[in-house]
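Thanks for coming. I will go through one model this morning, and the sequence and structure are up now.

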Amino acid sequence: PVALHDSCTTRQEKKIHDSVRKLLLRLGYSVEELPHCRESTICCGNKGLLPYTHPEAAAKIAKIRIKESQADYVTYCVTCQHTFLSQGKNTYYLLDLFYGNKTTTSITEESFDSSKRNENRATLKKQLLEEVWGEK
């Protein structure tokens, strides 16, 4: 079983909530619903600039969220994943599971580098356009 963390930015997105759960079930996972999920989900602690303006509050919010379940977490927001991993919670990113990577990502300085993440996104987009959709 895995506990599914819904990102606060998807609070009003019922179709996303349903789709993510269906994907996890198809991948063979049993999904534990957290006490705060779907429309009532709470932030991972990384909303806005909170980690930069009040890091203690951000860490406290993350720890509250982490205490909602002993199970490993799955999220479909990489920022949420990084937040939980930085607090020591095993957290999987949905796309990693979808593409067969069943390990949590380790925290490195590079993984928090927004420029590097943007570069990786651009590389992935180019790769998908070429390999999946046959575009150049």
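**Surface, core and salt bridges**

Leu 23 counts as partly exposed, because its relative accessibility is 30%. Bear in mind throughout that this is a predicted model. Leu 23 sits in helix H1, which covers residues 14–26. Together with Leu 27, Leu 95, Phe 98 and Tyr 99, Leu 23 makes a nonpolar surface patch of about 470 Å².

Now the interior. Which residues make up the largest nonpolar core? There are 10 residues in all: Val 2, Leu 4, Val 20, Leu 24, Tyr 29, Val 74, Tyr 76, Tyr 92, Leu 94 and Leu 97. At least two residues of this core come from each of strand E1 (2–5), H1 and helix H5 (94–98). A second core, separate from that one, has nine residues, among them Ala 3, Cys 44, Ala 71 and Cys 80.

Take Val 2 from the largest core. Leaving aside residues up to four places away in sequence, Val 2 touches Tyr 29, Ser 30, Val 31, Glu 32, Ala 71, Asp 72 and Val 74.

A polar residue next. Thr 91 lies in strand E4, residues 91–93, and is buried, with a relative accessible area of 0%. Where does the side chain of Thr 91 reach? To the backbone oxygen of Lys 89, at 3.0 Å.

On to charges. Side chains of opposite charge can pair when their charged atoms come close. The count here is six salt bridges, and I will show three.

Arg 21 pairs with Glu 33, with the closest N and O atoms 2.6 Å apart. Arg 21 is in helix H1 and Glu 33 in strand E2 (residues 31–33), so this salt bridge ties together parts 12 residues apart in sequence. Are the two partners buried or exposed? Arg 21 is buried, at 6% relative accessible area, while Glu 33 is partly exposed, at 36%. Asp 6 also belongs here: Asp 6, Arg 21 and Glu 33 are linked in a network of salt bridges.

Next, Arg 65 and Glu 68 form a salt bridge with an N to O distance of 2.5 Å. Both Arg 65 and Glu 68 are buried.

Last, Lys 126 and Glu 130 meet in a salt bridge at 3.6 Å, N to O. Why are they about one helical turn apart? Because they are four residues apart in helix H6, residues 114–131. Lys 126 is exposed, at 54% relative accessibility, and Glu 130 is partly exposed, at 34%.

That is what I have; comments, please.

Key
Residues numbered from 1 in each chain as written. Predicted model: local features only at pLDDT ≥ 70, side-chain atom pairs only at ≥ 80, totals over all residues. Heavy atoms only, no water. Patch = residues over 30% accessible without salt bridge, like charges linked within 9 Å, V, L, I, M, F, W, Y side chains within 5 Å. Areas by Shrake-Rupley, 256 points an atom, 1.4 Å probe, with all protein chains shown as cover. Salt bridge = Lys/Arg side-chain N within 4 Å of Asp/Glu carboxyl O. Buried < 20%, exposed > 50% of the residue type's maximum accessible area, 1.4 Å probe, protein only. Polar contact = N/O pair within 3.5 Å; in protein donor to acceptor, adjacent residues only side chain to side chain. Core = buried A, V, L, I, M, F, W, Y, C linked by side-chain atoms within 4.5 Å. Contact = heavy atoms within 4.5 Å.
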